[in-house]
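Let's walk through the disulfides here, one bond at a time. Keep the viewer open and follow along.

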Amino acid sequence: MVNQFGDSRWPFIALLGLLASGCASMGEDECRVADWRAIGYEDGVSGIAASHIGERRKACAKHGVTPNFAAYQQGRDEGLREYCTPASGHRLGRKGRPLTAVCPSELQGDFRDAYKSGREIHQAATVVRTTNSKLRRKKRERDEVRSSLTGKTSKIIAPSTSTERRIELLVEIQELTARKNAIESEISKLGVNLDRYREKLAALEHSSVY
């Protein structure tokens, strides 16, 4: 970063810009000492829309300070060159972040293609997690039904259970058994789907060039 901005003040300037980019409002001291090129760079490298400078302009106008738009834009352009790379777009897509139109036209195509590739992996991973979560819930439900079946079976053979209650328990056991069979069928289907989704995710990750 020292080479890019040409002096050893860059670490401090970058920090100042980072703090400013994280705040919708800037105080009088921040407005007066702000390095607008550094702030623009931080906005660019973070993929923040150019309209964000408008919030700072309003904040600084209260203190009679006007942002240096030329310096801000120069810094932002430099930051966007780092942000708008295929690797960055792919990371953004894999995290499921929204795609914003901030990249220069000459960089936008590769950035967008990489984003779509990452987004596809994100969506596949989401399906795997969702299916796995459904599978765990169904297994817990099956275990609860099994436990209930065990309890009712013990009661139906207990000497103290009346004939009338045995008849009721028999009906309940039949209903629980049907429910258990249905759940086990769902578990089987979810298991097959989960294996298929995992294979798709692995294939996408393996074929990724980013």
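Cys84 and Cys103 are both buried. This is a predicted model, so to speak a computed picture, and in it these two cysteines are bonded to each other, with 2.2 Å from S to S. Look at where they sit: Cys84 is in the loop between α6 (69-83) and α7 (86-94), while Cys103 is in the loop between α7 and α8 (105-156). The bond ties together distant parts of the chain, 19 residues apart. As for handedness, the torsion about the S-S bond of Cys84 and Cys103 comes out at -95°, a left-handed link.

Now go back toward the N terminus for the other bond. Cys31 is joined to Cys60, with an S to S distance of 2.1 Å. This pair, too, links distant parts of the chain, but here the cysteines are in helices: Cys31 belongs to helix α3 (residues 28-33) and Cys60 to helix α5 (residues 52-61), with their positions 29 residues apart. Which hand does this disulfide have? The torsion about the S-S bond of Cys31 and Cys60 is about -90°, so the disulfide is left-handed.

How accessible are these two? Buried means under 20% relative accessible area. Cys31 has 2%, so Cys31 counts as buried, and Cys60 has 0%, so Cys60 is buried as well.

Put the pieces together and the structure holds two disulfides. If you number the bonded cysteines in sequence order, the pairing reads 1-2, 3-4. Each of these links is a covalent bond between the sulfur atoms of two cysteines.

Notes: Residues are numbered from 1 along each chain as its sequence is written. This is a predicted model: local features need pLDDT of at least 70, side-chain atom pairs count only at pLDDT 80 or more; totals for chains, interfaces and linings use all residues. Side-chain values use heavy atoms; hydrogens and water are left out. A disulfide is a pair of cysteine sulfur atoms within 2.5 Å. Helices (H or I, at least four residues) and strands (E, at least two) are DSSP runs, numbered from the N terminus. Buried means under 20% relative accessible area, exposed over 50%, partly exposed in between (1.4 Å probe, protein chains only).
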